[in-house]
Amino acid sequence: MRSGSAWGGSTAGKPVNSRRHALLGRERELARLDELLAAVRVGGSGSLSLVGEAGLGKSALLEHLAGSAAEFQVVRAAGVEGEIDLPYAGLQQLCRSMLDQIEVLPQPQANALRAAFGLASGDATDRYLVGLAVLGLLSEVAADRPLLCVVDDAQWLDQPTVQALAFVARRLGADSVALMIASRAEMDELADMPSLQLGGLPLPEARALLDSVLMRQLDAPVRERLLAETRGNPLAVLELPHTLTRAEVASGILRPEGGSLSTRIEDSFRQRVEQLPDQTQQLLLLAAADSLGDPLLLWRAAEHANLPADAADRAVDAGLFEIREQCVFRHPLVRSATYRSASENDRRTAHAILADVTDEDKDADRKAWHRAQATAVPDEDIAAALEHTASRARARGGLAAAGSFLERAAQLTPDPGRRLQRALAAAEMLLEAGALASVETLLRTIDTSGISESSELQQARTDRLHAEVMLVREDGDKTAAILQMLNAADRLEPFDRDLGQAIHLRVLDLGLNHLGVNLGPEGRAAVVAIAHAPPRTDHFTPQELMIRGYARIFAEGFPAGIDLMRAAMVALRDAPGMQESDFPLLEACVTTAGGLWDLVSEEALIRRGVELARRVGALPRLQTLLSKWGHLKVYVGDFTAADALFAEAETLSKVTGTHNLDSGSSLDAVRWECDEALRRLEEHEGQGIHGAFWILTLRARAFNGAGRYEQALELARRAVHHVGAYSHALIELVEAAVRCGDLGRARDALEPLVARTQLGGTDWALGLEARCRALVSDAENADVYYREAVERLGRAGTRPALARAHLLYGEWLRREGRRRDAREHLRTALELFETVGMPGFAQRTRRELVATGETARKRVEETRTDLTRQESQIARLAADGLTNAEIGAQLFLSPRTVEFHLRHVYPKLGVSSRRELWKAVAIGAPTSGSSG
């Protein structure tokens, strides 16, 4: 704006045709948009991300798309810079015309969506449930007519909205919905969407566009220099000619380039805005400061500012602004030019006016935000209102937004102590949101110099936050960070016992199992103190037991502390109720049960954890637990259940947009013959829950199954080298070493294995120990150990381990010349391997049977039409009696997509109705292994 206040004076402006030739040279892009609509017209769905810098014509392409979808319902949303901190503001824009359909959604989804939109009180922190609700809402609306969702300027959408849209894009199926999202740059959350990159126009088209808008002749050098500077950006071609001075036109010498192209275009718009009458500039500033684009709100604000009814006319005539169903700037750069060119005082005045005319009952959050922007001095009333806004933002799933509101509230807080409390709360909220860079920036502004001894809590919170940042920085001192966090946890426990213990548990697990840090004498003393600290009450809680168990292992080494960890595991397993806050302890207990070879406790804990995760919507934790459950099912030989669990974990990986931490590696190692197993394990490289050593162990298992012992020995040796004495690697190492004639190495591996199996004391653990002892024993003892192994593993119900015991016993008997006895055990092994589905080990067993003089034919499987993994999941859930809506809620699909898949499942299984599914599924329909 011109120097001085914007609130007075007048000048004139000139209209510009902003749409002319907007799609010149965009044939490729138009064809891609036509493909998107065509896919929906034939009953499918589709999504597309349109990416390109400001001015390249994204909005024009979106307008063309909407204009080409005459038979579609069209809903729109656009990101606005001022709304980026308001959770679900963009999503509410998109869905506002559909809100009457919320009632048809399942109740949990409907409640989550109402809470997200602020239509009802409640907690919408489960962003996946909100995403599923939006998916269901779009699907319902599209049931009558196809639906086109158009989203512009996604780079300015609030994060919960972007996450919900990414969820919908990944889960669209047979829903008749097209989703188009435009942004200035690629967005990580939308990385899975098909993408269309928008570049500048080719030179001939750019030249034609420039010629169409020039009002006067330019010398060729000036013309070509201008074209070079615009780099084919259509908006720059349209706007930059207006910035040329008479001297530049006459001399052909242009001003040196300065700033980005977007900055120069914005500068062009700023110049044009400053030519408008002051009252028009005032109205534009009100519109720019208001993120809603609501004409009624704008006119109330204009009336409050004593602006005339025709104040907008000159901006409309200039082609910079329109008032239709919404207030629309010609381009987002016009909005930013209007807002940024205004003085600080004028901006505060505009926000104050908007705060005055915003209804607190209907939109308390925006009113509080406008009030915060309208003041330059501390104000406790405004700070308190922002704190309440932060609470509502957190309840609606906007952790980062809540942190931003609290940060601004802290800045406006007059009292130093209260300011510190709010700043720390903001940093903790941003930490929870994963915004570590923002946490680090905020910590640099926090002043704790005036903290008294009575404010030890604030100092401990500050130290913990500094340590969290240090822990994730690449150049951070991990040992110092862990020591600082342990110290902070000690000081926090008297004030917040749960938080202090949670930090203790996390840090000890992190340091012991992931970072492998050496804490030195000071750290060891701190850990020893934790290990021997008395209980806070008359007895140790399960969490305290686990913390002390971890601390003893950390301080004294294995197996110290195992008895405490076992006690914690049993206590949690048998506890009557489990809360969301128990998740860290639960995961430690599941790991403990696995390390103790306690299948019963491990499955009981996982089952309870899965139920809890489903209930509270903790999808990342659910994904981890399902994968662990899948591995457990591999150990017991229920490969069908394991595959279903891994498939659901993969579904969650796609839903959450995270890497699948372990999508069935242990299953792939044994259910395929060696070469195929190795190929699949290569795809798992770096994803296993135990890291690279786990994949080495599984490769060794595949090679042992194929009888390729030298390769198995090398891999098992490397796996043990990576992790010390890892139990499953030791088992493969003993077998491979014996078959390679290296009894010394086998006996060396047996010793640390026995230390672990004896601690477990279960039939599974002692059966595996007996099997390995048999391999290194003399003839008399080997027979005893093999019989013990068969007996214990049979009781344990671990069929793959039992089958291997029969195989090893049969091989040993054949070598001892006892062919008849060998055949008995080899036949049992073969039957188990074929029933469970372990072709590599089955082929090795056939070779042994042939060596005993018996013919061993491969079982011929019945040929059936394959189901995809998704079809198999849906069929099993439908057979269990779940409705389409319930299946959709569990697999994050719309009910219409579930029904679509069932229509394909019926003919594949040879059934005609849902009632017949249970029998077909019980027979065991094979899956193709595809993701469906």
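This briefing walks through an enclosed cavity, a mostly covered helix and two residues with unusual backbone angles. Keep in mind that the model is predicted. A search of the whole structure turns up four cavities of 30 Å³ or more, and the second largest of them has a volume of about 230 Å³.

**The second largest cavity**
- Its lining is made up of 16 residues, and Y635, R701, P800, A801 and R804 are the closest to the centre.
- Four helices each put at least two residues into this lining: α30 (619-636), α36 (727-739), α38 (763-776) and α40 (799-815).
- By chemistry, the lining residues split into 11 nonpolar, one polar and four charged.

**Helix α15**
- Helix α15 covers residues 332-341 and is mostly covered, with eight of its 10 residues buried.
- The buried ones are P332, L333, V334, R335, S336, A337, T338 and S341.

**Two residues with positive phi**
- As background, most residues other than glycine have a negative phi.
- Y88 isn't a glycine, yet its phi is positive, at about 65°.
- You'll find Y88 in the loop between β2 (73-78) and α3 (89-95).
- Y88 counts as buried because its relative accessibility is 0%, and the cut-off for buried is under 20%.
- D153 is also a residue other than glycine with a positive phi, here near 50°.
- D153 sits in the loop between β3 (147-152) and α6 (159-171).
- With a relative accessible area of 8%, D153 is buried too.

Methods: Residues numbered from 1 in each chain as written. Predicted model: local features only at pLDDT ≥ 70, side-chain atom pairs only at ≥ 80, totals over all residues. Heavy atoms only, no water. 1 Å grid on protein atoms, 1.4 Å probe; cavity = no way out; pocket = protein on both sides within 12 Å on 5 of 7 lines; lining within 4 Å. Points joined across faces, edges and corners; volume = space filled by probe spheres on them. Nonpolar A, V, L, I, M, F, W, Y, C, P; charged D, E, K, R; others polar. Buried < 20%, exposed > 50% of the residue type's maximum accessible area, 1.4 Å probe, protein only.
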